[in-house]
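Here's a quick briefing to read alongside the model. Keep the viewer open and click along as you go.

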Amino acid sequence: MERFVVIGLGRFGQSVAINLAKLNKNVIAIDKDPQKVEEIADFVFQAAACDATDEKNLRDLGLKNADVGVVSVGEDISSSILITLTLKEMGVKKIISKALSQVQGKVLIKVGADRVIYPERDMGERLAKRLSSPQLFDLIELTESHGILELLAPESFVGKRLDQLELRKKYDVTVIAVKRNVPKLKDDGSTSFKESMILSPGPDFEILLGDIMIILGKSKGLDKIKKVK
Amino acid sequence: MDDIKELIEEGKFYFLNQKYNEALQYLNKALEKDPANIEVLYTIGIIYESINNPDKALEYFKKVIKIDPQHEDAIIHIHSISENQ
């Protein structure tokens, strides 16, 4: 069975670890923040709170036999480089490291990453694709603390204008677009609808039943707004 | 039957004006009078699909093809909803 180690349990690392575990992979998840480790402990094979920049800690966890290492320690590039280097030296077969820029990516490759991923860039591409497709999506993470949420308008929003909803004040989020199916009659008299996208809706824009709101903001606010009924 | 036609027209009118709940009320009244009316079932399916309630939409489109297995539009909508789920 392939062994995966995920180091850095921000939203991205957490998501990678949980999804690998769902695919029945043997996952060891590591972060220096015990709370993050606790949050994920029930999902993965092993979760450990320790400083992954200390080689001894990684060796103690028996990571030298790991097949794949995912390094996603966020914006701390020096830690990212150090951990990538250590995993390489320990003989981890494949190392995938997260970078925020191409310069970072090149450095990570030089110290041993087999593959560099750019979640922000990839998410941007995904967003563009999603905005041009009728499918629904949930949350796109732009940074550790900000994201874009696509949300079916909660019942309590229906019939209200954006200025009445006070989303910026209450949740620190902004509606950047609304997807709406506009009803129409076909030539034969039967009903149909056409999907439309309203970009940057104004304060007097009224939310209708079935509207899909595309909301940009802080992750905390997005999490809150997801729970609105 | 005129009564049903009127209810359907009202339903379509409200749908076109994006008053979905009112549209569904009229169409459900029509359905009480004629539970196998394909036009009503199909229109309800369209309304649910347009308000992003694919499960309910599927329920009604499937009722349509149960009565008329050749109903092309209903088949297209079932296919498209299933693809997106």
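## Antiparallel strands in chain A

S9(A) and S11(A) run antiparallel and are joined by 6 bridges. Keep in mind that this is a predicted model. Below, we start with these strands, then go to the parallel sheet, the contact between the chains, the helices of chain B, and two asparagines with a positive phi.

**Strands S8, S9, S10 and S11 of chain A**

- To find the pairing of S9(A) with S11(A) on screen, pick Val178(A): its bridge partner in S11(A) is Met213(A).
- S9(A) also pairs with S10(A), in the antiparallel sense and over 9 bridges.
- Val178(A) turns up again here, since it stands opposite Ile198(A) in S10(A).
- The hairpin of S9(A) and S10(A) has 5 residues between the strands, and Gly189(A) in this hairpin takes a positive phi near 90 degrees.
- S11(A), residues 212-218, has another antiparallel pairing, with strand S8 (residues 146-152) of chain A, over 7 bridges.
- A handy pair to click there is Leu152(A) and Ile212(A), the latter in S11(A), which stand opposite each other.

**The parallel sheet of chain A**

- What is the strand order in the open sheet of 6 strands in chain A? Reading across, it goes S3-S2-S1-S4-S5-S6, and the pairing is parallel.
- The edges are strand S3 (46-49) and strand S6 (115-117) of chain A, each of which pairs on one side only.
- On average, neighbouring strands of this sheet are turned by 15 degrees against each other, with direction ignored.
- At the S3 end, S2(A) and S3(A) pair in the parallel sense over 4 bridges.
- For a landmark in that pairing, look at Asp31(A), whose bridge partner in S3(A) is Ala49(A).
- Helix H2 (residues 34-41) of chain A packs on the sheet and touches S2 and S3 of chain A, with its direction at about 170 degrees to that of S3(A).
- Another helix to look for is H4 (residues 77-90) of chain A, which lies across strand S1 (3-7), strand S4 (68-71) and strand S5 (94-98) of chain A.
- H4 of chain A runs at about 175 degrees to S5(A).

**Where the chains meet**

- How many residues does each chain bring to the contact? Chain A gives 14 residues and chain B gives 13 residues.
- On the chain A side, the elements that give two or more residues are strand S9 (173-185) and strand S10 (191-199). You've met both already, as the antiparallel pair with 9 bridges.
- Sorted by class, the side of chain A that touches chain B has 8 nonpolar and 6 polar residues, with no charged residues.

**Chain B and its helix pair**

- Chain B has 5 helices and 0 strands, so to speak an α-α-α-α-α run from the N terminus on.
- Of the 85 residues in chain B, 40% are buried.
- Take the contacts in chain B between residues at least 6 apart in sequence: 36% of them join residues at least 24 apart.
- Helix H2 (residues 20-33) of chain B packs with H3(B) at an angle of about 160 degrees, and their axes are 10 Å apart.
- Angles over 145 degrees count as roughly antiparallel, so that is the label for H2(B) and H3(B).
- The crossing of H2(B) past H3(B) is left-handed.
- H2(B) brings Tyr20(B), Ala23(B), Leu24(B), Leu27(B), Ala30(B) and Leu31(B), which meet Val40(B), Thr43(B), Ile44(B) and Ile47(B) in H3(B).
- By class, that contact has 9 nonpolar residues, 1 polar and no charged ones.

**Two asparagines with a positive phi**

- Asn24(A) isn't a glycine, yet its phi is positive, at about 65 degrees.
- You'll find Asn24(A) in the loop between helix H1 (11-22) and strand S2 (26-31) of chain A.
- Is Asn24(A) buried or exposed? Asn24(A) counts as exposed because it has 8 C-beta neighbours inside 10 Å, and the cut-off for exposed is 12 or fewer.
- Over in chain B, Asn52(B) has a positive phi of about 60 degrees, and it isn't a glycine either.
- Asn52(B) sits in the loop between helix H3 (38-50) and helix H4 (54-67) of chain B.
- With 17 C-beta neighbours inside 10 Å, Asn52(B) counts as partly exposed.

How values were computed:
Residues numbered from 1 in each chain as written. Chains lettered and ligands numbered in written order. Predicted model: local features only at pLDDT ≥ 70, side-chain atom pairs only at ≥ 80, totals over all residues. Contact = placed C-beta atoms within 7 Å. Nonpolar A, V, L, I, M, F, W, Y, C, P; charged D, E, K, R; others polar. Buried ≥ 20, exposed ≤ 12 C-beta atoms within 10 Å, placed from the backbone. Axes fitted to C-alpha atoms, helices over the stretch in contact; angles between N-to-C directions. Parallel < 35°, antiparallel > 145°, perpendicular 65-115°, else oblique. Left-handed = near helix turned anticlockwise from the far one by under 90°. Pairing = 2+ DSSP bridges.
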